[in-house]
Amino acid sequence: MRERYRAEGLDEDALAAHPMAQFARWFEQAAQAAVRGQLHEANAMVVSTADAAGRPSSRTVLMKGHDPDGFVFYTNYDSRKGRELAANPYVALLFPWHPLARQVLVTGTARRVPRDETAAYFRSRPHGSQLGAWASDQSAVVPSREQLDTAYAELSARYPEGSEVPVPPHWGGFRVVPETVEFWQGRDNRLHDRLRYTARPDGTWLVERLSP
């Protein structure tokens, strides 16, 4: 159960000056691999949070945007990750692009996106997903699947296809502002390339090579 990586290497001279520009390059290549059927959901990322006592938790969510300021995802603010981020905004992200022998590892802080940005994204979601944001009390104990399905059916009757579903007040986006971004490229003999950007106070980025 050990894959031998023979991918092309990653050199400091080939990196973009800004980590989000470098991420955009790699993400485009991952998206193209997904179109070819080599990779499933290029925008899937593992989000790791910790509560006020430092106890961690992880889950996979879909990145819904990236820009020079960071990475955006949406969730129920009352969910476990939402509550943990309210108590402790430090977060880690992992993009596991295993078929490409690549990973992107991010550490940073999460902050809520403006409500107008949340509303614009919410209206772009499929009708069923909009209803689901209301039907699910995310991370809370639910007595049965039937109760969840009943809640969804009631919402579907109240807001039929084509009607405008209001944006839940407890639902919205987080933007993860990176402090470090590491680009990991698998290489032969486990001598992987690991290049890490670290934010400097003046807004520039320090790039360092890490030992595999």
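In the predicted model, F23 touches M63, H66, F71, F95, W97, V104 and F183, leaving aside residues up to four places away in sequence. F23 is also one of the residues with the most contacts inside the largest nonpolar core, together with W97 and V104. This core has 33 residues. At least two of its residues are supplied by each of α1 (19-35), β1 (44-50), β4 (70-76), β5 (90-97), β6 (102-112), β7 and β8 (193-199). The largest share, six residues, comes from α1. In soluble globular proteins, nonpolar side chains tend to be buried together. A second core, separate from the one described above, has 12 residues, and Y121, A133, V165 and W171 are among them.

Strand β7 spans residues 171-185. Of its 15 residues, 13 are buried, so β7 is largely enclosed by the rest of the structure. Three pairings of this strand were examined. Strands β4 and β7 run antiparallel and are joined by six bridges; within this pairing, V72 has R175 of β7 as its bridge partner. Between β6 and β7, which also run antiparallel, there are 11 bridges. Here R112 stands opposite F174 in β7. The pairing of β7 with β8 is likewise antiparallel and extends over six bridges, with T198 in β8 as the bridge partner of T180.

Within β7, the position of E182 was considered separately. E182 has a relative accessible area of 8%, and because this value is under the 20% limit, the residue is classed as buried. The side chain of E182 forms a polar contact with the side chain of R194, at 2.6 Å. R194 also appears among the residues that E182 touches, a list that further includes Q103, V104, L105, L195, R196 and L210 when residues up to four places away in sequence are not counted. V104, one of these neighbours of E182, is likewise touched by F23 and is among the residues with the most contacts inside the largest nonpolar core.

Key
Residues are numbered from 1 along each chain as its sequence is written. This is a predicted model: local features need pLDDT of at least 70, side-chain atom pairs count only at pLDDT 80 or more; totals for chains, interfaces and linings use all residues. Side-chain values use heavy atoms; hydrogens and water are left out. Helices (H or I, at least four residues) and strands (E, at least two) are DSSP runs, numbered from the N terminus. Buried means under 20% relative accessible area, exposed over 50%, partly exposed in between (1.4 Å probe, protein chains only). A polar contact is a pair of N or O atoms within 3.5 Å; within protein, one must be able to donate a hydrogen and the other to accept it, and residues adjacent in sequence count only if both atoms are side-chain atoms. Contact means heavy atoms within 4.5 Å. A nonpolar core is a set of buried Ala, Val, Leu, Ile, Met, Phe, Trp, Tyr and Cys residues joined through side-chain atoms within 4.5 Å. Two strands pair if DSSP finds at least two bridges between them.
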